[in-house]
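Trainee: Please take me closely through one part of this model, and set that part in the context of the rest of the fold.

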Amino acid sequence: MRHFLSAAGVAALALALAACGSTSDTPASSGGGSTAAAGGKIGVDFPRADSDFWNSYNKYVPEMAKELGVDLMPPTNSQNDIAKVVANTQALVSQGAKAIVMAPQDTGAIASTLQSLDSKKIPVVSVDTRPDTGKVYMVVRADNRAYGQKACEFLGDKLGGKGKIVELMGALSSINGRDRAEAFRECMKTKFPGITVFEEPTEWDGTKAASMLQTRLEQNPDIKGIYMHAGGVHLAPTLQVLKAKNLIVPPTDPKHIFVISNDGIPQEFAAIRDGSIDATVSQPADLYAKYALFYAKAAVEGKTFQPGPTDHDSTIIQLPNGLEDQLPAPLVTKDNVDDPALWGNQVK
C-alpha cells in the first residue's frame, strides 16, 4: 500500500529521516522520535560461554561498540540460565542501562522480564532468539527456518532421496530449535519421503549429542546423513564419535556420512576443508553484534523502523511483539569455504 503525503508531510518526513542518520551500513528507518534522550548506556547480556559461535559473538561486541560509538557497559553472562538472565538484566538496569541487548535461550520464560523492562521504558534488542511474547524493539537474527530448509535440501540431494539421517536438534524450548526442526521435518516429509530422520533433542548440549549419535549409529550402522543444529556445541562431539568409528572418509567412499551444520565458525570451515564435514550455514556472528548494538543505540535515540528491505542485504519483518531484522546466512561448502567475506574467515 502506498501512502501519499502533503508538501508539509514530505518536509516533516525528510527532517525525520535526516535525524535518523541513515548511512551506507544502516537500514532505513521511519523517522526519529523526540521522547528519548540522545545517547545512553547500553547493557549487554551474553547468553553463554560454552559455544565457539557465542564466544565469537562475545568478542565482536566490544569491537562493534567502539566502531559504532556505543556507550557499552561491562557485559554480563547468563551461562544459559534464564534466572541469571533476569538477575543480570535487573543489575544492568540498576546501573543505568537505557537499553538492553540479550539472547535468551529459553524464549518463553523471558516474557515477564520483557514486560518489566517495557514498563520502565527500556527497549530490548534480542539477538539470534525471538522471544515468544513480551515487547521487543528489534530481534536481530537470521531466518532459522531457512537453516532447516537448506540442510534438508543439501542432505536430501546427497542421499538421492533415500536412507537414514540423524538430526542433532537444539532445545525445542528455543524458537531457533523449533524453527530449524520444523522446517527440516516439513521439507523432508514433502521433498524426500524416502528418507528416515531420527530426531535427537540435545538441548544444545554436546555431551548429549555425542551419546545420542553413538546410540543411533550402533542401532543403525547404515546412517548416511547428520544434521547438526549448532556446530558450536555439536561439531567436536560429532567428529569424536565419527572418528572413533572410522567414519571420517571421503565422499567417494561408501562409508561416508554427509554432515551439515549451522553456525559458520572457523572450526567448521576447517572441517569442510579437510573433508570431515560437508557443509554449514553461516550465522553472521559479526553482524549479530553490529546490528544488535546499532538498534540498541537507535532505540535510546528515539528512532523507529518499519518492515521492508534494508541496505545491508536483509529484510525487517513484523512480529506480533515487535520487529525482526533477518540477516543473510549463506550455505557454505567446499566451493565457497575460502570466501574472505565469511566472518568465520575473518576471525584471528
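**A loop residue, a helix pair and their surroundings**

Mentor: Let us begin with Asn-80, which is placed in the loop between β4 (76-77) and α3 (82-94). In this predicted model, the phi angle of Asn-80 is near 60 degrees, a positive value in a residue other than glycine. Asn-80 counts as partly exposed because its relative accessibility of 34% falls in the range between the 20% and 50% cut-offs. Another non-glycine residue with a positive phi is Asp-263, whose value is near 145 degrees. Asp-263, however, belongs to strand β11 (residues 258-263), and with a relative accessibility of 3% Asp-263 is classed as buried, since the limit for that class is under 20%.

The part that deserves the close look is the contact of two helices, and some context helps before we reach it. The protein chain contains 10 helices and 17 strands, and 53% of its 348 residues count as buried. Among the contacts in the chain with a separation of 6 or more, 71% are accounted for by residues 24 or more positions apart.

Two packed helices are described by the angle between their axes and the distance between the axes. For helix α5 (residues 144-158) and helix α6 (residues 175-191), that angle is about 40 degrees and the axes lie 7 Å apart. The crossing in which α5 passes α6 is right-handed. On the α5 side, the residues that meet α6 are Asn-144, Arg-145, Tyr-147, Gly-148, Gln-149, Ala-151, Cys-152, Glu-153, Leu-155 and Gly-156; on the α6 side, they are Asn-176, Asp-179, Arg-180, Glu-182, Ala-183, Phe-184, Glu-186, Cys-187, Met-188 and Lys-191. Sorted by character, the residues of this contact comprise eight nonpolar, five polar and seven charged ones.

Which charged residues of this contact take part in a salt bridge across it? Arg-145 and Glu-182 form one, with their closest N and O atoms 3.7 Å apart. This pair links distant parts of the chain, as Arg-145 lies in helix α5 and Glu-182 in helix α6, 37 residues apart. Arg-145 has a relative accessibility of 31% and Glu-182 one of 30%, so each of these partners is partly exposed.

Asp-179, which is also in the contact of the two helices, has its salt-bridge partner elsewhere: Asp-179 pairs with Arg-141, and their closest N and O atoms are 3.2 Å apart. Because Asp-179 lies in helix α6 and Arg-141 in strand β7 (residues 138-142), the pair ties together parts that are 38 residues apart in sequence. Asp-179 is buried, with a relative accessible area of 8%, and Arg-141 is buried as well, at 0%. These two residues are linked with Arg-130 and Glu-324 in a network of salt bridges.

The structure holds 15 salt bridges, and one more of them is useful as a further example. Asp-222 forms a salt bridge with Lys-164, the closest N and O atoms being 3.3 Å apart. Here too distant parts of the chain are linked, with Asp-222 in the loop between α7 (206-219) and β10 (225-228), Lys-164 in strand β8 (residues 163-169), and their positions 58 residues apart in sequence. Asp-222 is partly exposed, with a relative accessible area of 38%, and Lys-164 is partly exposed at 22%.

The nonpolar side chains complete the setting. In soluble globular proteins, nonpolar side chains tend to be buried together. The largest nonpolar core in this model has 57 residues, of which Tyr-57 and Tyr-295 touch the most other members. Helix α10 (residues 285-300) gives the most to this core, contributing 12 residues. A second core, separate from the largest one, has 24 residues, including Leu-217, Leu-235, Phe-269 and Val-332.

Helix α10 also holds Tyr-291, which is buried, as its relative accessible area is 3%. Tyr-291 is 230 residues from Val-61 in sequence, yet their C-alpha atoms are 10.0 Å apart in space.

Note on methods
Residues numbered from 1 in each chain as written. Predicted model: local features only at pLDDT ≥ 70, side-chain atom pairs only at ≥ 80, totals over all residues. Heavy atoms only, no water. Axes fitted to C-alpha atoms, helices over the stretch in contact; angles between N-to-C directions. Helix = DSSP H or I, 4+ residues; strand = E, 2+ residues; numbered from the N terminus. Left-handed = near helix turned anticlockwise from the far one by under 90°. Contact = heavy atoms within 4.5 Å. Nonpolar A, V, L, I, M, F, W, Y, C, P; charged D, E, K, R; others polar. Core = buried A, V, L, I, M, F, W, Y, C linked by side-chain atoms within 4.5 Å. Buried < 20%, exposed > 50% of the residue type's maximum accessible area, 1.4 Å probe, protein only. Salt bridge = Lys/Arg side-chain N within 4 Å of Asp/Glu carboxyl O.
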